[in-house]
Amino acid sequence: MSSRRIVITGLGALCPLGLNVGEAWAAAVAGRSGIGPITRFDAGAFRTRIAAEVKGYDAKAYFSARDARRLDPFIQYAIVAAREAIADAGLTADGIGDRGAVITGSGIGGIQTNSEQTVELHDRGPSRISPFLIPMILTDMAAGMIAMEVGFKGPNMSVSSACASAANAIGEASEMLRRGAADVAICGGSEAAVVPIAVAGFSAMRAISERNDAPECACRPFDRDRDGFIIGEGSAMLVLETLEHATARGARIHCELAGYGSTDDAFHMTAPDEDGAGAAACMRRALEAAGLSTGDVDYINAHVTCTPLNDATETRAIKALFGEQAYSIPISSTKSTHGHLLGATGALEAVLSVRALEEGVLPPTMNLENPDEQCDLDYIPNQARRAAIRSVLSNSFGFGGHNACLVFTQF
């Protein structure tokens with residue numbers, strides 16, 4: 001394995017908490033919820049009528065009318081977040097060429113376009129289908145369009161591993177840089193799945209909350225009254241560079257991406273292995289890659305989805321790896337405010353983890369009022385906490401047993 005060190009020089013986000021990183025971070029720390037009634041469609045007949053939507057977004061502020069029509073929202077969100085990350089990094093494409101990679105993650109891709117065009121086919125026939133249907137639904141098109149905009153001609157692809165997609169995309173991008181395949185990578189995830197078919201599908205699984213009368217209280221990580229996650233949308237992107245490249249151009253460095261782990265439970269289509277062995281192994285691999293011990297972890301951004309199985313399983317996994325140390329590590333779930341962005345959630349949580357590391361502030365787990373007896377660790381309930389932290393572990397787990405963990409450390 002190469003000894004190249006990988007640093008983060010740019011952050012971008014467009015999510016239910018705000019249209020940029022600053023807004024998202026302020027809301028997460030304050031515990032302000034981005035969850036509310038669904039406005040994308042009439043959800044009156046649905047059991048779940050709430051979601052974490054991106055608010056105040058106007059495609060015309062970012063794209064020409066022609067381009068907006070040809071880009072599914074998940075692609076638009078990815079491009080907007082990438083633009084912010086690139087600007088934050090002070091990066092230009094000059095001289096980068098095929099040394100620049102773009103790796104994005106999405107679990108579902110262009111599901112809005114797919115749904116709308118399916119209705120169009122049924123109602124009006126095949127002659128009415130958009131010639132842009134196929135490129136608009138492909139999960140790789142977010143990476144492709146970002147590359148076209150910035151002129152990066154190196155490795156370019158999409159990662160799809162359900163709700164671990166974005167974390168895997170970031171991790172795999174870092175591995176490409178370590179082995180010398182590129183010097184710079186734009187990476188992260190994007191999702192725009194607040195559409196009828198997705199909400200109906202997750203509802204049929206009994207995976208999402210039906211607490212419609214109190215949307216801001218609906219996402220309840222580790223709480224005994226939790227009844228499912230809140231579907232969200234948006235994108236977050238990071239700029240990664242080798243330390244040599246960042247130093248040579250005098251870049252400001254947010255922090256170091258020190259470790260990445262990836263495993264699979266090989267257990268069930270949707271449920272995690274209840275002993276948490278796969279998740280524990282993934283966290284261990286990430287720490288080993290970072291050259292850290294369990295005693296070096298100062299904060300964990302948990303994946304927890306507010307479902308009966310996931311929250312308790314992740315708690316067991318943390319205990320299995322950290323032993324008695326688990327009780328002294330602050331842990332929180334920012335999903336309590338921004339909802340579950342599916343394939344993009346790992347990127348947003350990575351951005352918030354980096355900001356926590358920089359600011360020395362740990363975002364709270366909101367709505368934790370009656371802790372589940374199986375969830376008995378320090379979850380930073382309902383109020384942010386100041387802490388001197390040097391390393392952060394960010395967890396992402398997905399359907400199919402996919403596990404991805406990232407370790408960020410102070411530079």
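**Strand 4, Thr 113 and the largest pocket**

Strand 4 is joined to strand 5 (residues 156-159) by 4 bridges, and the two run parallel. The model is a predicted one. The points below cover strand 4, then Thr 113 in helix 4, then the largest pocket.

**Strand 4: pairing**
- Within the pairing with strand 5, Ile 103 has Met 157 as its bridge partner.
- Strand 4 also pairs with strand 6 (residues 184-192), in the parallel sense and over 6 bridges.
- Val 102 has Ile 186 as its bridge partner in strand 6.

**Strand 4: burial**
- Strand 4 spans residues 100-105, and 6 of its 6 residues are buried.
- In a regular strand, side chains alternate between the two faces of the sheet.
- On one side of strand 4, Gly 100, Val 102 and Thr 104 are buried, and on the other Ala 101, Ile 103 and Gly 105 are buried, so both faces are covered.

**Thr 113**
- Thr 113 belongs to helix 4, which runs over residues 111-124.
- Thr 113 counts as buried because its relative accessible area is 5%, against a cut-off of under 20%.
- Beyond its neighbours within four places in sequence, Thr 113 contacts Asp 72, Leu 133, Met 136 and Ile 137.

**Largest pocket**
- The largest pocket holds about 470 Å³ of space.
- Its lining has 29 residues, and those nearest the centre are Thr 270, Pro 272, Thr 307, Asn 310 and Phe 399.
- Helix 11 (308-322), strand 13 (391-398) and strand 14 (402-409) each supply at least two lining residues.
- Helix 11 gives the most to this lining, with 5 residues.
- By type, the lining of the largest pocket comprises 13 nonpolar, 12 polar and 4 charged residues.

Note on methods. Residues are numbered from 1 along each chain as its sequence is written. This is a predicted model: local features need pLDDT of at least 70, side-chain atom pairs count only at pLDDT 80 or more; totals for chains, interfaces and linings use all residues. Side-chain values use heavy atoms; hydrogens and water are left out. Buried means under 20% relative accessible area, exposed over 50%, partly exposed in between (1.4 Å probe, protein chains only). Contact means heavy atoms within 4.5 Å. Two strands pair if DSSP finds at least two bridges between them. On a 1 Å grid over the protein atoms alone, a cavity is a set of points where a 1.4 Å probe fits but cannot get out, and a pocket is an open set with protein on both sides within 12 Å along at least five of seven lines; lining residues have an atom within 4 Å of a point. Grid points are joined across faces, edges and corners, and a volume is the space filled by probe spheres set on the points. Ala, Val, Leu, Ile, Met, Phe, Trp, Tyr, Cys and Pro count as nonpolar, Asp, Glu, Lys and Arg as charged, and the others, Gly among them, as polar.
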